[in-house]
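Me: I am new to this structure and would like to learn how to read it one feature at a time. Could we go through it together, starting with the strands?

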Amino acid sequence: MGMTMTQKILADHAGLSEVHAGDLIEAKLDKVLGNDVTTPPAIKTFEGMGAADVFDKDRVILVPDHFTPNKDIKSAELTKCMRCFAREHEISNYFELGHKDMGIEHVIIPDNGLILPGDAIIGADSHTCTYGALGAFATGVGSTDLACAMVSGSTWFKVPEAIKVVLTGKPGPYVTGKDIILHLIGMIGVDGALYKSLEFTGDGVKALSMDQRLTISNMAIECGGKNGIFPVDDITLEYIATTNIDRYTRGDFTAYEADPDAEYSQVIEIDLAAVPLTVALPHLPSNTKAAKDVKDMKIDQVVIGSCTNGREEDIRTAAELLKGKKIADGIRCIIIPGSQRVYRKALDEGWLAIFDDAGCVISTPTCGPCLGGHMGILAAGERCVSTTNRNFVGRMGHVESEVILSGVPVAVASAVMGRVAIPDEI
C-alpha cells in the first residue's frame, strides 16, 4: 500500500522506508516553535529536566505575539521569561517587537522562509498546522512536548490516517480560502477529521494563492485535523524562491507526492465554484451558513487580521474594498496586520490611510482579540464579525458575547453596513 504526503514526510524523518496509519514513530524535527503563552511552561520543564542547552539554536523559534505588546504585568513576565531564555541560549530565531521580521508566528514563519517543502515542525500552538500549505508536515503540541523537543530535536507521533480533499474549478467573486475551509468544516464538523491529515489535491489547487492555502491549512485543526497539507507546485516554488533564496537555490527541500495507491479513510470533493461566501455563526466553526442568508444579524465590532487572515493579500483586499467608504456608525473596526512586514507594506501602499479615513482602529501585529487577550475584547451581549479562526463561547471576551467567523470581503462589507453583509452591497 502506498503512502500519503504526510506519511512520506514522517517516514523520512523517522529514518524508515515506509509508515502506515497507526504506527508509533520517533521523528527528527527541522524546527520547533513556541510563543509567549506556551514557552514559559516549556522552559520550566526544560530546566526541571536539567537540560544544559537546546539541540540547535538555529532550529528553535520563539515568537512573542499572543499578549504583546504586553497587556499587563503577568504577560510582561511571560514575555520576559522567553526573552531571557532566548538570550541565554542564543536563539537566532527570536522575533522581538518592532523588528522588521516580527509579527504573528504563523504569518512570519512562512514569510521569513523558516519552513520549506518537506520540513517537519512542531509548535506549541494548535494553528502550527498552517505550514502544511508549503508541503511541509506541521502540527501543534503541548508545552511539555515542546520542552522535550527543544532538548532532543525529535518527538514521537502516531502516524495519522488521511482524508483526501479534491478541489475542482475556481472560486467565485470574493470567495477566499476562508470561505473554502469554513465550507469544509461545515460539511464534516469540528471532529470530522479527528487526528487525521487533510490532504488537499485536485485541479482547483492551482486557483488558490499561497496566502489562501495558508488560511486553509491554518484551520485544519478546527475540524480536528492533525495537519493539513498541499502539494508543491509552481505557486509554492515561486513563493519559497522569495522567502528563502538560499535553500531554494541549493534545492534544500523535498516536494513529496502521494502515491497513486495511498489509502484514505474518506474522499471529499469540493467544487470551488459552488462555495458561497460563508460565515460560521456562534458558537462553532462548523455552524456555517451562506453569508447572504444571515444579513439581518446586527453587529458591534469587526476584526480583520490574525494568523488566519492577516497576510498581505488579506490587508490589500480590505483596503481595496474600504477605499472611499466609511465604517458604519456605532461599529468598531479593528485592522491588525499579521506582521511588521505587512504593516510596512500597508503603510507604503497607502492602505493604512484608507483604513484611517474609513474610521478603523489600526493595531500593531498581535494575536490580540482572537483569543480574548486584548485589543478588542467583547462585553456581554456584543457581537463581532471576525476573520479569526475560533468562535467558541467566551473566545473573544464575555461568555455572553458572540463571534461570527468570515473571510475578509464579508468582514469589510459588514463593517460598512453595520450588520452581516456581502461585498456586492457596498
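Me: Which residue of β15 is the bridge partner of Ile304?

Reply: Keeping in mind that this is a predicted model, the bridge partner of Ile304 in β15 is Ile335. This pair belongs to the ladder between strand β14 (residues 301–305) and β15, which run parallel and are joined by 5 bridges. Ile335 also has a bridge partner in β16, namely Ile362, and there the pairing of β15 with strand β16 (residues 361–362) is parallel too, over 2 bridges.

Me: Is strand β15 mostly covered or mostly open?

Reply: A general idea helps first: in a regular strand the side chains alternate between the two faces of the sheet. In the present case, strand β15 (residues 332–336) is mostly covered, with 4 of its 5 residues buried.

Me: What is the order of the strands in the open sheet of 5 strands?

Reply: The order is β4-β3-β2-β5-β6, and the pairing is parallel. The edges of this sheet are β4 (93–94) and β6 (137–140), each of which pairs on one side only. Looking at one of those edges, strand β5 (residues 120–123) is joined to β6 by 4 bridges, and the two run parallel; within this pairing, Gly123 stands opposite Gly140 of β6.

Me: Turning to the helices, how do α11 and α13 cross?

Reply: Two packed helices are described by the angle between their axes and the distance between the axes. For helix α11 (residues 312–322) and helix α13 (residues 351–358), the axes come within 9 Å and cross at roughly 50 degrees, which means that α11 is oblique to α13. The crossing in which α11 passes α13 is left-handed. On the α11 side the contact is made by Glu312, Ile315, Arg316, Ala318, Ala319 and Leu322, and on the α13 side by Trp351, Ile354, Phe355 and Ala358; these residues divide into 8 nonpolar, no polar and 2 charged.

Me: At what angle do α11 and α14 pack?

Reply: Here α11 and helix α14 (residues 408–417) pack at an angle of about 35 degrees, their axes being 9 Å apart, and the crossing is right-handed. Asp314, Thr317, Ala318, Leu321 and Leu322 of α11 meet Val408, Pro409, Val412 and Val416 of α14, a set that divides into 7 nonpolar, 1 polar and 1 charged.

Me: How many residues of α14 are buried, and what do they pack against?

Reply: In α14, 9 of its 10 residues are buried, so the helix is described as mostly covered, a residue being buried when its relative accessible area is under 20%. Among these buried residues are Val410, Ala411, Ala413 and Ser414. The buried residues of α14 pack against β12 (278–280), β14, α10 (306–309), α11, β15 and β17 (383–386). Just after the helix, Gly418 takes a positive phi of about 80 degrees.

Me: Finally, where is Leu16 found, and is Leu16 buried or exposed?

Reply: Leu16 is found in the loop between α1 (5–13) and β1 (24–28). With a relative accessible area of 39%, Leu16 is partly exposed, a class that lies between buried and exposed. If neighbours within four places in sequence are left aside, Leu16 is in contact with Ala11 and Ile25. The C-alpha atom of Leu16 is separated by 43 Å from that of Ile336, which is 320 residues away along the chain.

Technical notes
Residues numbered from 1 in each chain as written. Predicted model: local features only at pLDDT ≥ 70, side-chain atom pairs only at ≥ 80, totals over all residues. Heavy atoms only, no water. Axes fitted to C-alpha atoms, helices over the stretch in contact; angles between N-to-C directions. Parallel < 35°, antiparallel > 145°, perpendicular 65-115°, else oblique. Left-handed = near helix turned anticlockwise from the far one by under 90°. Contact = heavy atoms within 4.5 Å. Nonpolar A, V, L, I, M, F, W, Y, C, P; charged D, E, K, R; others polar. Buried < 20%, exposed > 50% of the residue type's maximum accessible area, 1.4 Å probe, protein only. Pairing = 2+ DSSP bridges.
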